[in-house]
Every structure is written in C-alpha cells, then in structure tokens.
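Got your viewer open? Let's take a walk through this one, a stop at a time.

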Amino acid sequence: MTDKFGSRFAGATARAGESFPPLPTVRAAVPKERRWAPSRSADHVDEMAMAEDPIFGEGSLRTSAKLGPTGRPLPIFPEPPPLDRHGPATIIAMCNQKGGVGKTTSSINLGAALAEYGRKVLLVDFDPQGALSVGLGINPHELDLTMHNLLMERGTRAEDVLLKTNVPGLDLLPCNIDLAAAEVQLVNEVAREQSLYRALAPLQADYDLMIIDCQPSLGLLTLNALTAAHSVIIPLECEYFALRGVALLTDTIAKVQDRLNPDLHMEGILPTMFDARTVHGREVLSRVVEAFGDGVFHTVIGRTVRFPETTVAGEPITTYASASTGAKAYRQLARELLARPARVQQVGYRR
Ligand SMILES: Nc1ncnc2c1ncn2[C@@H]1O[C@H](COP(=O)(O)OP(=O)(O)OP(=O)(O)O)[C@@H](O)[C@H]1O
Ligand SMILES: [Mg+2]
C-alpha cells in the first residue's frame, strides 16, 4: 500500500499488521553487535538512553557511536534554546486505540517536561474518562465547564474552560464523562470532524505546543483530534500484542490525511513500559524498530512504579520525582521533539 508518512514509515503500515514472527527470526534480523546485552535493572533503559545525555548523563559521553535503547546510535539532543515569544502552537495528538499504553501518562509528562524547557503548553483532555485531568490533581466531576461545553456550546470560550496547573507554563482544558455525550451529538453537526480544531484555534497564538490526550478508540472524538493536529505520537507498550491494531491506526491516520487534514505528520512511535530485564521486552522493542525504523523515537520510556504513583499524587513525574529515570526520560523526549523543525510557522496555517 502507499505509504503516507514519507520514508520514515515506508512499508511500515503493511508490516505492522502482521502477527509477530517467531522470536528466532527477530534475533536473526538484528545484527549481533546491535542486540541487547542482559541488563541490570528496569532502569537500565533510562541509563542507556541517558548515557550520552548532555544534561543528565553520567560523564556525558558525546560519542554518537554509542547505541541507544532502540539499538540505533543515540543522537545528542541539545537543551532547547529559550524563546523570546510564544506561539503559534504545534498541535500533537497522543493517539492509540489500544487502551492502557501510556497515552495519558505521556501527555502529562511530556507536557510538563516541555514546560520546564520554557515552552507554553496546553494539555487537552479529550477522553471522557478524564484521566488526564485526574492526573493533574483535578476532580473532573466538580467542574462547571469542560471540553464538552467548549465543543457543543457556541457561547463558551476556551478561556472560560482553561485551568492553570501547578507547573508554570502548563495549562489544561479538562474534561469529564459529559464528553461522551458530545461524541453522539457531534454526529449531526456540519463539519463534525473539525469541531475540536475550531475550539482550539483561538488559543493557538498563546501556546508553543498543544497535546491532545485521545481516548482508546478510533471514533469521532479521535478523528477530531487527528483533524486538529499537526502530528501524531503513538505510544506503544512494549508487550507481545503491541503491534496489533497499529496498521488500523495508521490506515485511519492516512484517511484523515487524504480527506480532512493533509498537513498531518507522524511524529513517531513512542515505546513505553519497556522492561530491559526481560528478553521479551527487548524482542518486542527490536520488532517495533524493525517495523517502523526511524519512525520510532530514540527515547524509550521504561516501566516503573513511579508513574502509577504520580497519578495518585495528581502531578507530573517531573515534579513528583524530579530526579527519577522516568522524569529524565520524558525530558529527553521533550528535547528530542524540540530538536525537530517546527511544524507550524504562522497562525491560521490551514484554514
Ligand atoms: N512507563 C510506565 N511504567 C509503569 N506504569 C506505567 C507507565 N506508563 C503508564 N503506566 C501506568 O499504566 C496505566 C495506563 O497508563 P495510561 O493511563 O497513561 O494509558 P492510556 O493509554 O492513557 O490508557 P487509556 O487507553 O485507558 O486512556 C496507568 O496506571 C499508568 O500509571
Ligand atoms: Mg488515557
């Protein structure tokens, strides 16, 4: 099939739909020098990812010959330069119809890490479960105005719904179960897939990045997120069934590109919950890199109990456990993202 995402994803969509080959095939496909060595701890992935890190790495090994956790040479992602003005925002959809893969965790912590680097970030809770709002310490059931009002009521402005978080530079558009009704009501709207974009557009000049936390489905809400976005991040849990359904997701993204949003880019696949201690985890990561090549972020998020803890605490890991490997991983992801060319140069880029 035609690849919609340029060379980085060439051939990936078709292969992603296949079931896993037997593990020995995967082993044979990875050159010996690029295979995983047995690791010491769950944090090993972060240690490897940080090995060359100019900020956090022990000894800051800057040689690009060093392999990162994905088995590729790990680039050095520079500290992002400070900005003297903000906006227009690049809009990123955090999307995977598979549940529990780290969409919400990645939205919160990538957003918080970007804000630490001086970016103005808007997190958009676009899952009626409201997990992103809860993860930032907000009780979604006590809110008067949410994403539902913003989408469905002409009189509601984004500024009325907007909440500040405890992280400077990080704001939130919260949501709760009311949004589930919006999905039904939107079906009868004109240009129903563009509703979210219309709601976010007035805020685009005020932020550098917006991150939309999608629900685990490919329904109308997710189509709205993909239509509003410049790019998509697909978090992928490093477990056996990780690639199941990714072909359906990339096909959906391709259709949105064709019909609704030709500017939509694939930002990358983000491996999450990676446990470097297990052969299984390493094999799955190899398989993901084999399928998607440079479409996979160099940054890999390790599995650690600190993330569930942060949900209970209601704050990002970057403030809850600032020196933890999880916080460092999301800071590295932020630098990896910011090291790329900006997706948007001016407000009103599309419509
Ligand atoms: N790297 C990680 N290590 C360990 N646990 C994690 C990690 N990332 C996320 N989790 C935990 O896994 C669970 C699911 O994560 P999360 O809610 O971010 O996934 P999701 O894709 O948003 O789920 P849903 O599809 O239900 O919206 C949460 O309990 C979260 O704390
Ligand atoms: Mg979620």
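How many helices and strands does the protein have? Switch to cartoon view and you can count 15 helices and seven strands. Keep in mind that this is a predicted model. Of the 351 residues in the protein, 50% are buried.

**Stop one: the sheet.** Select the strands. Seven of them form an open sheet with mixed pairing, and the order across it is S3-S4-S2-S5-S1-S6-S7. Now look at the edges, where you'll find S3 (163-164) and S7 (265-272). Each has a single partner strand, so one side of each has no neighbour in the sheet.

**Stop two: strand S2.** Next, select residues 121-126. Are they mostly covered or mostly bare? Mostly covered: six of the six residues in S2 are buried. Show the side chains here. In a regular strand, side chains alternate between the two faces of the sheet. In S2, Val 121, Leu 123 and Asp 125 are on one side, while Leu 122, Val 124 and Phe 126 are on the other, and both faces are covered.

**Stop three: the partners of S2.** Add residues 170-173, which are strand S4. Which way does S4 pair with S2? In the parallel sense, over four bridges. Zoom in on Leu 122 and you'll see its bridge partner in S4, Asp 171. Leu 123, meanwhile, stands opposite Leu 172 in S4.

Now add residues 209-214, strand S5. S5 also pairs with S2 in the parallel sense, over six bridges. Pick out Asp 125 in S2: its bridge partner in S5 is Asp 213.

**Last stop: the whole chain.** Zoom back out. Among contacts between residues at least 6 apart in sequence, 78% join residues at least 24 apart.

Methods. Residues are numbered from 1 along each chain as its sequence is written. Chains are lettered from A and ligands numbered from 1 in the order in which they are written. This is a predicted model: local features need pLDDT of at least 70, side-chain atom pairs count only at pLDDT 80 or more; totals for chains, interfaces and linings use all residues. A residue is buried if 20 or more other C-beta atoms lie within 10 Å of its own, exposed if 12 or fewer, and partly exposed in between; C-beta atoms are placed from the backbone. Helices (H or I, at least four residues) and strands (E, at least two) are DSSP runs, numbered from the N terminus. Two strands pair if DSSP finds at least two bridges between them. Two residues are in contact if their C-beta atoms, placed from the backbone, lie within 7 Å.
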